[in-house]
Amino acid sequence: MLNRFTRREVQNVNVQDSVEGPDLPLYEADALELDEGLDELSGANRLLRSDLIDAKVRLHRKLIDELNLAAIDLMSKAELRHEVFKLVSDHVLAERILLNSRELDFFVDEVLDELTGLGPIEPLLKDPTVTDILINTHKRVYVERNGQLELVPVRFKDEAHVLRIVNKIVGAVGRRVDESQPMVDARLQDGSRINVAIRPVAVDGPLVSIRKFSKKPFDFERLIKIGSFADPIAALLQGAVKAKISLLVSGGTGAGKTTLLNALSSFIAETERLITIEDAAELQLQQPHVGRLETRPPSIEGKGEIRQRELLKNALRMRPDRIIVGEVRGEEAFDMLQAMTTGHEGSMATIHANSPRDALIRLEQMVGMAGLNLSEISIRSHIASAIRIVVQLERLTDGKRRLTSVSEITGMEGNIIQMQEIFKFERTGTTPDGKVLGEFRATGIRPKFIEDLTLRGIRISPNSFNPGRPL
Ligand SMILES: Nc1ncnc2c1ncn2[C@@H]1O[C@H](COP(=O)(O)OP(=O)(O)O)[C@@H](O)[C@H]1O
Ligand SMILES: [Mg+2]
């Protein structure tokens, strides 16, 4: 049994050696960080003494080196526990860690969890303070906490180990990643998203990005409270959604676009029928009357793909009041604009762009992809008549996500789309510890669409547009 399971005799292994391999020079410094992170873990982990957490991290690294991981899947639970118990007790003895039998049992259970679950990243998945997990080859794992990336002392044994764990994760939703299909983007059962790229497309080995599903999506109130935007801006956006003004949320990856779209949708009347279109369903609309559509990737033979454009066309036959596009990224842009100008006002989408102007340029390019041979000016007029607001979001250098601009599209002048900024975030400086200082301000321009709001009895205080003082 032991032969199948262990590669070397435990006692012969020098613990320090196996821990501080040349691959991981940052280990000691990082151990402290991990310690802090683990302190915030769920109840069970909190029971572990801090010296134990340290020992566990070392032990886990050692076990990965020692164990024949493939054999683990073939063992019964009892067998595995028996083997791990032996290894752990030896380790505890060798490291002179003082444990009573209850503590030892608990320790063994923890180690087992990590071996049989999702391996070294299991604690990261459980840690509620971690929002993203980024595996950069088997040697490095980064996490995002509070908007900041940090390297964590978690390591995989080798590439095969990463692949094994990754296939365990994507296998649960009926997908797999291998050489013939080296890229996978999937939504997991809990709503988390995973993107995997392996060789040959990932040159140095597997790249895995996991965006953990946030159980409690930020609602509008919470976004205001944490300072993502100011009250008068919130009031205007809320009014615009109620008054069925079509809008685009623009920003970079992870800027908070989906989050804002979700929060904004809460102001749509419950009586309206919504159809959502996404590459990987992640919106969590609270309305009762929502139909969710999701694209399908092609099969291994390259067949059966269903793209956003087809979903959009289909959505139009489903009698929606509004269509919500999780992220517009290609030819479907044309159909979306079409929908927005033909009775589906108040439709919304996010777009990947660095400024409101950039968003329009990209949209124009996307419409071009539909292959309809439209002139530049007709594409632009189409955009100008379909979309009325562009909200720009940014993840600033301190990791905070903020709304940085609200702009209104007012029409065309010649062949240029006219756009005016209503609100903006003005940076005023940076604190010594890197926090971005700044304030939300009105530009002094009153949006034209205010009339639509007034017609529906939605009042916005004229003071909101006073440029004299911060909002
Ligand atoms: N205003 C915000 N403040 C803090 N965190 C946010 C904010 N908006 C979003 N987040 C978090 O940032 C991450 C990325 O948000 P998401 O909306 O998915 O970004 P995007 O759609 O732009 O890629 C999520 O974990 C989300 O919970
Ligand atoms: Mg998104």
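**Notes on the ligand shell, helix α15 and the cores**

1. Start with the ligand: helix α13, residues 257-265, gives the largest share of the shell around ligand 1, namely 3 residues. Bear in mind that this is a predicted model. The shell has 15 residues, and those that come nearest to ligand 1 are Ser-228, Gly-256, Lys-257, Thr-258 and Thr-259. Sorted by class, the shell around ligand 1 holds 9 polar, 4 nonpolar and 2 charged residues.

2. Next, have a look at α15, residues 332-341. This helix is largely enclosed by the rest of the structure, because 8 of its 10 residues are buried. The buried ones are Glu-332, Ala-333, Phe-334, Asp-335, Met-336, Leu-337, Ala-339 and Met-340, so that list includes Glu and Asp as well as nonpolar residues.

3. What covers those buried residues of α15? Among the covering elements are the helices α14 (308-316), α16 (356-369) and α17 (376-386), along with the strands β10 (322-325) and β11 (348-352). After α15 comes Gly-343, with a positive phi near 90°.

4. Now the largest nonpolar core, which has 66 residues; Ala-240, Leu-247, Met-336, Ile-383 and Val-391 touch the most other members. α15 supplies the largest share of this core, 6 residues. Met-336 turns up here again, having already been listed among the buried residues of α15. Apart from this core lies another, of 22 residues, including Ile-135, Val-141, Phe-156 and Ile-194.

5. Leu-247 is worth clicking on. Setting aside neighbours within four places in sequence, Leu-247 is in contact with Ala-240, Met-348, Ile-387, Arg-388, Ile-389 and Val-391. Of these partners, Ala-240 and Val-391 are also among the core residues that touch the most other members.

Notes:
Residues are numbered from 1 along each chain as its sequence is written. Chains are lettered from A and ligands numbered from 1 in the order in which they are written. This is a predicted model: local features need pLDDT of at least 70, side-chain atom pairs count only at pLDDT 80 or more; totals for chains, interfaces and linings use all residues. A residue is near a molecule or strand if its C-beta atom, placed from the backbone, lies within 6 Å of it. Helices (H or I, at least four residues) and strands (E, at least two) are DSSP runs, numbered from the N terminus. A residue is buried if 20 or more other C-beta atoms lie within 10 Å of its own, exposed if 12 or fewer, and partly exposed in between; C-beta atoms are placed from the backbone. Two residues are in contact if their C-beta atoms, placed from the backbone, lie within 7 Å. A nonpolar core is a set of buried Ala, Val, Leu, Ile, Met, Phe, Trp, Tyr and Cys residues joined through C-beta atoms within 7 Å.
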